[in-house]
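Trainee: I am new to this structure. Please take one part and walk me through it closely.

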Amino acid sequence: MRAADARVTGVPEEVPRIPPDHAVGSITRGTTGVNRLRKCDRWMCHNSRVREALHHASGRPLAIDLGYGAAPWTTVEMATRLRHHLAPELEVVGLEIDPDRIFPDQNGVRFEVGGFELSDYRPNLVRAFNVLRQYSVTEVENAWRMMQAQLAPGGVVVEGTSNEVGRRATWVLLDEHRPLSLTMVWTPGELENPSEIAERLPKALIHRNVPGEPIHKLLTAADAAWASTAGYSPFGPIDRWRRTLQILRDEGWPIVRQHRKIRDCLMTVPWETVASPTENLHN
Ligand SMILES: C[S@@+](CC[C@H](N)C(=O)[O-])C[C@H]1O[C@@H](n2cnc3c(N)ncnc32)[C@H](O)[C@@H]1O
């Protein structure tokens, strides 16, 4: 296997490399995949908070894809989608902490070395996917704070996790002060029960999916609601999921309404719904 192939498929490299002095973070496996982050891209294109962040930018809006990995695919795809749906003039920079993974400019996207300090850029949008997954949970708060502190006024961070081919994904939306929401999404038919998404929860939540914690209560309620809609299976998983969300709303769960046709099973809740009572992730 060639070295480049090893990086794309995520086989650990033999010699751990040290990031450059100015970049905050650690070099981790560079696993990525074509179109892996499509669900997040689609959501960002339609999310009102992301749209505001780009539309209300003073000057040309800037989006950063932090930790794009061993190939530039997801950054270029993000740029294409956001420019098409949101901001044709969008400037996009891919930042990667591994200097060996810097690529020549392509499709109007630049690739540079950088870490959680965001290389001193002041972006309107930061997307960091499958980056914190390889860190310890104790490092999440600091990483979030560093990215939040660099945001342009009104800017947002989207920090999340997906599986290898992007059929399941979850992410947290944050503004400069606090986490705003959690979104969980999967391809219809991918999961037998909604709670199976737990294995791809963001680092801030993955260890909290235990009895007594809010995220566990939410996923347990989602499983029960899903089971009670089994009779609607012949109408397909999207219709069944819509009914499942209605049951959850009727039970008092503050599921955010999506004002667009959705081709995935998707659930967004305000962060307060899943935040642990002991959590200290709000500024
Ligand atoms: C698993 S890959 C994810 C690639 C891509 N975002 C995706 O989801 O397909 C994680 C990448 O993040 C990089 N990384 C880790 N910590 C980072 C940091 N603090 N700043 C920038 N890049 C970082 C790693 O070197 C690695 O290439």
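Mentor: Here is a close look at helix 8 and what lies around it.

First, the ground rules. This is a predicted model, where local features need pLDDT of at least 70, side-chain atom pairs count only at pLDDT 80 or more, and totals for chains, interfaces and linings use all residues. Residues are numbered from 1 along each chain as its sequence is written.

Helix 8 covers residues 237-250. Helices here are DSSP runs (H or I, at least four residues), and strands are too (E, at least two), numbered from the N terminus. Helix 8 has 14 residues, and at 1.5 Å a residue it should span 20 Å. The expected span is 1.5 Å times one less than the number of residues. The end C-alpha atoms are 20 Å apart, which agrees.

Trp241, Thr244, Leu245 and Leu248 are buried in helix 8. A residue is buried if 20 or more other C-beta atoms lie within 10 Å of its own, exposed if 12 or fewer, and partly exposed in between, with C-beta atoms placed from the backbone. Seen down the helix axis, the buried residues fall within an arc of 100°, so they line one face of helix 8. The arc is that of the directions from the axis to the C-beta atoms.

That face has partners. The buried residues pack against helix 7 (214-228) and strand 8 (265-270). After helix 8 comes Gly252, with a positive phi near 105°.

Now helix 7. Asp223 lies in it. Asp223 counts as partly exposed because it has 16 C-beta neighbours inside 10 Å.

Conventions: Contact = placed C-beta atoms within 7 Å.
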